[in-house]
Amino acid sequence: MIFLKSVFQKYTSAPIHFNGFISNQKLKLFSLAILFLGFASCNPIALVNPETYGEKWDNTYLWFKPRDMTTIYISDSGDPETAEPIPNDSEFLIEWDKKGEVYTLKITSYYQDIDFAWFTGYDADNASEEIPWIHNGNTFELQSAKLLPMENEAYQISISDDLEN
């Protein structure tokens, strides 16, 4: 700015009518409140159209108890209260084996395609870590030492079928 001082005399200083504008405490609070309300009003769920979501994915939720693999529980919602007991190896076959720290989980669907699966017992290092499933047709298999404790004495597996493929 000093270099241009001799060229543009009238532009060598900042406008004085904005002095104190940003330092005004009430304006800072008002701006922060408007910014907060703007972010709070965003509803990320609204970005997914709930009327067409069911046309994209068919989700099924399964619960199993490793101590009793004769019965599994199935629901169309993630609520375990709505889960119905079915025999293991009727619609789905869930196989569980644990030796020491390493467990093997295998899920097979007889009537529904599986494009994506999630296991609540997998102890991911971070939120973006994917479960290292081995996918073969309608069978997903996982072998890992990363295991979380059971919730309500059961583990949940959610499976999804992409209806558009």
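Two strands count as paired here if DSSP finds at least two bridges between them. With that in hand, welcome to a set of close-up views of a predicted model.

**View 1. A four-stranded open sheet, seen strand by strand.** This sheet has the order E4-E5-E8-E7, and its pairing is antiparallel. E4 and strand E7 (134-136) stand at the edges with a single partner strand each, so one side of each has no neighbour in the sheet. From one strand to the next, the twist averages 10°. At the E7 edge, three bridges join E7 to strand E8 (residues 139-144), and the two run antiparallel. To find your place here, look for Asn136, whose bridge partner in E8 is Thr139.

**View 2. The five-stranded open sheet.** Here the strands follow the order E3-E2-E1-E9-E6, again with antiparallel pairing. Which strands stand at the edges? They are strand E3 (84-87) and strand E6 (116-119); each has a single partner strand, so one side of each is left without a neighbour in the sheet. Neighbouring strands of this sheet are turned by 25° against each other on average, direction ignored.

**View 3. Strands E1 and E2 and the loop between them.** Strand E1 (residues 57-65) and strand E2 (residues 68-75) run antiparallel and are joined by five bridges. A handy landmark is Trp63, which stands opposite Tyr73 in E2. Follow the chain into the loop between E1 and E2 and you meet Arg67. Is Arg67 buried or exposed? Its relative accessible area is 74%, over the 50% cut-off, so Arg67 is exposed. Along the chain, Arg67 and Ala154 are 87 residues apart, while their C-alpha atoms are separated by 9.2 Å.

**View 4. Aromatic rings around Trp96 and Phe119.** A pair of aromatic rings is described by the distance of the centres and the angle of the planes. The model holds nine aromatic pairs. In one of them, the rings of Trp96 and Phe119 have centres 6.3 Å apart and planes at 55°, so this pair is tilted. The pair links distant parts of the chain, with Trp96 in strand E4 (residues 92-99) and Phe119 in strand E6, 23 residues apart. Trp96 counts as buried at 19% relative accessibility, because the cut-off is under 20%. Phe119 is buried too, with a relative accessible area of 0%. Step back a little and a cluster comes into view: ring pairs link Phe64, Trp96, Tyr103, Phe119 and Tyr155.

**View 5. The ring pair of Trp133 and Phe140.** The centres of these two rings lie 5.6 Å apart and their planes stand at 80°, so the pair is edge-to-face. Trp133 counts as buried at 15% relative accessibility. Phe140 also counts as buried, at 5%.

**View 6. The largest pocket and its lining.** Rolling a probe the size of a water molecule over the atoms shows where empty space is left. The largest pocket in this model has a volume of about 310 Å³. Which residues line the largest pocket? They are Trp63, Lys65, Tyr73, Gly78, Pro80, Glu81, Ala83, Thr120, Glu151, Asn152, Ala154 and Gln156. Sorted by class, the lining has five nonpolar, four polar and three charged residues. Some of these names will be familiar from View 3: Trp63 and Tyr73, the opposite residues of E1 and E2, are among the lining residues, and so is Ala154.

Terms used:
Residues numbered from 1 in each chain as written. Predicted model: local features only at pLDDT ≥ 70, side-chain atom pairs only at ≥ 80, totals over all residues. Heavy atoms only, no water. Axes fitted to C-alpha atoms, helices over the stretch in contact; angles between N-to-C directions. Phe/Tyr/Trp six-rings, centres within 6.5 Å; stacked < 30°, edge-to-face > 60°. Buried < 20%, exposed > 50% of the residue type's maximum accessible area, 1.4 Å probe, protein only. 1 Å grid on protein atoms, 1.4 Å probe; cavity = no way out; pocket = protein on both sides within 12 Å on 5 of 7 lines; lining within 4 Å. Points joined across faces, edges and corners; volume = space filled by probe spheres on them. Nonpolar A, V, L, I, M, F, W, Y, C, P; charged D, E, K, R; others polar.
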